[in-house]
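Trainee: Got a minute to walk through this model with me? I'd like to go from the helices to the cores and the salt bridges.

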Amino acid sequence: MSRSASTWRLENTLKCAFSDPEAARPEEYDAIHRFLEEAYGVVRGFFPDRYPSWWGEDTDYGRIHVVRGSDGAVCSLVRVFPLDLQLGPVRVRVGGIGSVATAPAFRGSGCMSALMEHAVERMKKEGFCLSILWGDRHRYSTFGYENGGRTFDVAICPRGLRRSGVRPLAPERFYGDGETLRKIELSYERHPYRRRRRPGEGALIYGNRNLLVHRGGEGET
């Protein structure tokens, strides 16, 4: 059998073995999390625990795109997160790509490519002018993604701060009280470049039990 014929037969076999991309269903909440936990190799409850503002009762299943196997179980998943960004005086509606996962047994089958193409087309139809994701360029450049910037890690030690004449702060630990939360949120809203959060989202983010949240004095948070 020639190489081209072998490839053709494999592609057609996969096409028959998997469903077309479709939206997940609300009753699959637990099954989706078990699937993601297996794909990422994390502990049970990891995603709702770490990302409570995105994986809660108001989860938008219409933007969770899945491919299913012949038994109806999810084989691959991509989620689109609508992001309302404030860029100085301009507001930009962006489609964030996240929770990209394929079950180990189905990796390399083409499911993820089909889902990414489906998600990109859906975002275009919804009017997103830009899409963003965090991942390797060589993996996502096929779908039109390019590097959008760089990050730098800067190590600052107490000795360096003392020598620079920077005065120490006496930070206040956030234990869930409303007044401290209000001050933290006001500080966040002053940033000219930020994601505009939904009402009540700050309490979910800063109340995460995996975080230690502190605030400084006025103008120092």
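**Helices, cores and charged pairs**

Mentor: Sure, starting with what H2's buried residues pack against: helix H3 (46-50), strand S2 (64-68), strand S3 (74-87) and strand S4 (90-102). Helices (H or I, at least four residues) and strands (E, at least two) are DSSP runs, numbered from the N terminus, and contact means heavy atoms within 4.5 Å. Mind that this is a predicted model: local features need pLDDT of at least 70, side-chain atom pairs count only at pLDDT 80 or more, and totals for chains, interfaces and linings use all residues. Residues are numbered from 1 along each chain as its sequence is written, and side-chain values use heavy atoms, leaving out hydrogens and water.

Trainee: How far apart are the end C-alpha atoms of helix H4 (residues 111-126)?

Mentor: The expected span of a helix is 1.5 Å times one less than its number of residues. For the 16 residues of H4 that gives 22 Å, and the model agrees, with its end C-alpha atoms 23 Å apart.

Trainee: Within what arc do the buried residues of H4 fall, seen down its axis?

Mentor: Buried means under 20% relative accessible area, exposed over 50%, partly exposed in between (1.4 Å probe, protein chains only). In H4 the buried set is Cys111, Met112, Leu115, Met116, Ala119, Val120 and Met123. The arc is taken over the directions from the helix axis to the C-beta atoms. These residues line one face of H4, because their arc is within 160 degrees.

Trainee: Which exposed residues sit on the face of H4 turned away from its buried side?

Mentor: That face of H4 is turned away from the buried side. The exposed residues it carries are Lys124 and Lys125.

Trainee: Which element gives the largest share of the largest nonpolar core?

Mentor: A nonpolar core is a set of buried Ala, Val, Leu, Ile, Met, Phe, Trp, Tyr and Cys residues joined through side-chain atoms within 4.5 Å. The largest has 21 residues, and Trp55 is among those touching the most other members. H2, H3, S2, S3 and S4 each supply at least two residues of this core. The largest share, five residues, comes from S3.

Trainee: Which residue forms a salt bridge with Glu172?

Mentor: A salt bridge is a side-chain nitrogen of Lys or Arg within 4 Å of a carboxyl oxygen of Asp or Glu. Here the closest N and O atoms are 3.3 Å apart, and the pair links strands S6 and S8, 43 residues apart. Glu172 is partly exposed at 33% relative accessibility, whereas its partner is buried at 7%. That partner is Arg215.
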